[in-house]
Amino acid sequence: MSKYAKKEQEFLINPRIYPLEAIYATCYVFVDRYYLFLDEVRQRIKIVFTPKASNRRNHNLLKGEFLNELLNNTLRFKISKRNQRIREMIVKEALFFSQPKKEIDGVVASEEKTNQSWQNDPEGIAIPWEEKYKRKKSR
């Protein structure tokens, strides 16, 4: 413990168990209440917590809160890594189908230009039912 900060606490975290990204994310949760210092000591990540002046919370709970949040962020990181290909595929499909049709498929655009028979309506499909089958008024 430092001679300048009486309420300073430090933890050693094994980066082989907890990914560095999860450690950073967990530290970020605590930056509003503590000043944090990270260092590497004998292949471990040392985190020093110094409470801010406005922080009046119980510092005895810090270790439990930090370790719970670290476990939460580690799990989120691993799930995110496992589902990365699925997320990329979903975004790719969403971006692909959000493009105008002419930019997506030149074949479809050229077919629309050459095949204009849908506008001629030889079967009379586009004619509303009322017009097609309206009764003739008897006089």
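At 53% relative accessibility, Asp-32 counts as exposed in this predicted model, while its salt-bridge partner Arg-33 counts as buried at 13%. Arg-33 lies in the loop between helix H1 (20-30) and strand S2 (34-41) and Glu-65 in helix H2 (residues 62-82), so this pair ties together parts that are 32 residues apart in sequence. The points below cover the salt bridges, the two helices H1 and H2, and a nonpolar surface patch.

**Salt bridges**

- The structure holds three salt bridges.
- Asp-32, Arg-33 and Glu-65 are linked in a network of such bridges.
- Within that network, the closest N and O atoms of Arg-33 and Asp-32 are 3.9 Å apart.
- The side chains of Arg-33 and Glu-65 meet at 3.1 Å, N to O.
- Glu-65 counts as partly exposed, with 25% relative accessibility; the network therefore joins an exposed residue, Asp-32, a buried one, Arg-33, and a partly exposed one, Glu-65.
- Another salt bridge is formed by Glu-10 and Lys-46, whose closest N and O atoms are 3.9 Å apart.
- Glu-10 belongs to strand S1 (residues 9-13) and Lys-46 to strand S3 (residues 44-51), so this bridge ties together parts that are 36 residues apart in sequence.
- Both ends of the strand-to-strand bridge are partly exposed: Glu-10 has a relative accessible area of 43%, and Lys-46 has a relative accessibility of 22%.

**Helix H1**

- Ala-22, Ile-23, Thr-26, Cys-27 and Phe-30 are the buried residues of H1.
- Viewed down the axis of H1, these buried residues fall within an arc of 135°, so they line one face of the helix.
- The buried residues of H1 pack against strands S1, S2 and S3 and against helix H2.
- Tyr-24 also lies in H1, but Tyr-24 is partly exposed, with a relative accessible area of 48%.

**Helix H2**

- H2 has 21 residues, which at 1.5 Å a residue should span 30 Å; the end C-alpha atoms of H2 are 30 Å apart, in agreement with that value.
- Buried positions in H2 are Leu-62, Phe-66, Leu-70, Asn-73 and Thr-74.
- Seen down the axis of H2, the buried residues fall within an arc of 110°, so they line one face of the helix.
- The cover over the buried residues of H2 includes S1, H1, S2 and S3.
- On the face of H2 turned away from the buried side are the exposed residues Asn-68, Leu-71, Leu-75, Arg-76 and Arg-82.
- Glu-65, which is in H2, is partly exposed and takes part in the salt-bridge network with Asp-32 and Arg-33.

**Nonpolar surface patch**

- Leu-20, Tyr-24 and Leu-38 form a nonpolar patch on the surface.
- Together, the three residues of the patch have about 260 Å² of accessible area.
- Tyr-24 places helix H1 in this patch.

Terms used: Residues are numbered from 1 along each chain as its sequence is written. This is a predicted model: local features need pLDDT of at least 70, side-chain atom pairs count only at pLDDT 80 or more; totals for chains, interfaces and linings use all residues. Side-chain values use heavy atoms; hydrogens and water are left out. A salt bridge is a side-chain nitrogen of Lys or Arg within 4 Å of a carboxyl oxygen of Asp or Glu. Helices (H or I, at least four residues) and strands (E, at least two) are DSSP runs, numbered from the N terminus. Buried means under 20% relative accessible area, exposed over 50%, partly exposed in between (1.4 Å probe, protein chains only). The arc is that of the directions from the helix axis to the C-beta atoms. Contact means heavy atoms within 4.5 Å. The expected span of a helix is 1.5 Å times one less than its number of residues. Patches are made of residues with over 30% relative accessible area and no salt bridge: like charges are joined within 9 Å, nonpolar side chains (Val, Leu, Ile, Met, Phe, Trp, Tyr) within 5 Å. Accessible areas come from the Shrake-Rupley method with a 1.4 Å probe; for residues, only the protein chains shown count as cover.
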